[in-house]
Amino acid sequence: MKLETERLLLRRFTTEDVKEAYNYLGDPDTMRYIEAPYSEEQTKEFIRNYAACDAAAVYALVEKKSGHLIGHMIFHPYGCEQIYELGFIIHREYQKQGYGFEMSHALLRYGFQKMKLHKITAETVEPNEASRHLLQKLGMKQEAVFREQVFYHGEWMDEYHYGILAKDYYADNSVSVE
Ligand SMILES: CC(C)(COP(=O)(O)OP(=O)(O)OC[C@H]1O[C@@H](n2cnc3c(N)ncnc32)[C@H](O)[C@@H]1OP(=O)(O)O)[C@@H](O)C(=O)NCCC(=O)NCCS
């Protein structure tokens, strides 16, 4: 999949991406609610896996004006072909500029309008306010809380599950249908 918005581009990873991918995958702050920061070797393996993968599930997120790889988006089937999971990670220095919303919104549009998906789902942990705000801004509803489901940084955290159905998406008056 290749997707373009006003300021961003979504594309497959290539082996050239290792250095810039390490900038965010190796950054403890950016990775805080995901997993331990990656080593350079783990980053190379990550790129090898996703650059070589035909049915990609993880896509490189590029800032058009600089050409920099600034993060990645996850978009793949979740349990069945009509339900997809959405995920995102953006390098700390590129956060809070509306990029997460811009590309997630484009993926919702692509998923519902082009792929005719039934539902898009996402997960995050309770203290990840940025992620929860973004999911709510996308019109996703909180559907479940798995209490103390994830152990990060020496503490148990609640895992929040969000979802949006095609009918919720189309009921939103701000949605423009192609
Ligand atoms: C979650 C993440 C992708 C958000 O991306 P972003 O580009 O910074 O988000 P946006 O700028 O599009 O902001 C979307 C909304 O979230 C809000 N938001 C962003 N960061 C926030 C923060 N740290 N705390 C509270 N709200 C925040 C914004 O204000 C905006 O809402 P508004 O328009 O009502 O003001 C980014 O913070 C990130 O990559 N975090 C590290 C990786 C991660 O935790 N990924 C999620 C794993 S589940």
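Trainee: How do you know which element gives the most to the shell around the ligand?

Mentor: By its share of residues: in this predicted model, helix H4 gives the most, with six residues. The elements that give two or more residues to this shell are strand S5 (83-90), helix H3 (99-114), strand S6 (119-125) and H4 (129-137).

Trainee: What makes a residue part of that shell, and which come nearest?

Mentor: A heavy atom of the residue must lie within 4 Å of the ligand. There are 21 residues around the ligand, and Ile90, Lys96, Gly98, Gly100 and Lys137 come nearest. By class, the shell has eight nonpolar, nine polar and four charged residues.

Trainee: Why is the approach of Ile90 to the ligand called a polar contact?

Mentor: A backbone N or O atom of Ile90 is 2.7 Å from a ligand oxygen, and the limit for such a pair is 3.5 Å, so the name applies. Gly100 also passes, because one of its backbone N or O atoms is 2.8 Å from an oxygen atom of the ligand. For Phe88, a polar backbone atom lies 2.8 Å from a nitrogen atom of the ligand.

Trainee: How much of the ligand does the protein cover?

Mentor: The ligand has 920 Å² of accessible area on its own, and the protein covers 76% of that.

Trainee: What makes the space taken by the ligand a pocket and not a cavity?

Mentor: A pocket is an open set of points, whereas a probe in a cavity cannot get out. The ligand takes up the largest pocket, with about 1,300 Å³ of space. Its lining counts 44 residues, with Ile34, Phe88, Ile89, Asn128 and Ser131 nearest the centre. By class, 22 of the lining residues are nonpolar, twelve polar and ten charged.

How values were computed: Residues numbered from 1 in each chain as written. Predicted model: local features only at pLDDT ≥ 70, side-chain atom pairs only at ≥ 80, totals over all residues. Heavy atoms only, no water. Polar contact = N/O pair within 3.5 Å; in protein donor to acceptor, adjacent residues only side chain to side chain. Areas by Shrake-Rupley, 256 points an atom, 1.4 Å probe, with all protein chains shown as cover. 1 Å grid on protein atoms, 1.4 Å probe; cavity = no way out; pocket = protein on both sides within 12 Å on 5 of 7 lines; lining within 4 Å. Sits in = over half its atoms within 2 Å of the grid points. Helix = DSSP H or I, 4+ residues; strand = E, 2+ residues; numbered from the N terminus. Nonpolar A, V, L, I, M, F, W, Y, C, P; charged D, E, K, R; others polar. Points joined across faces, edges and corners; volume = space filled by probe spheres on them.
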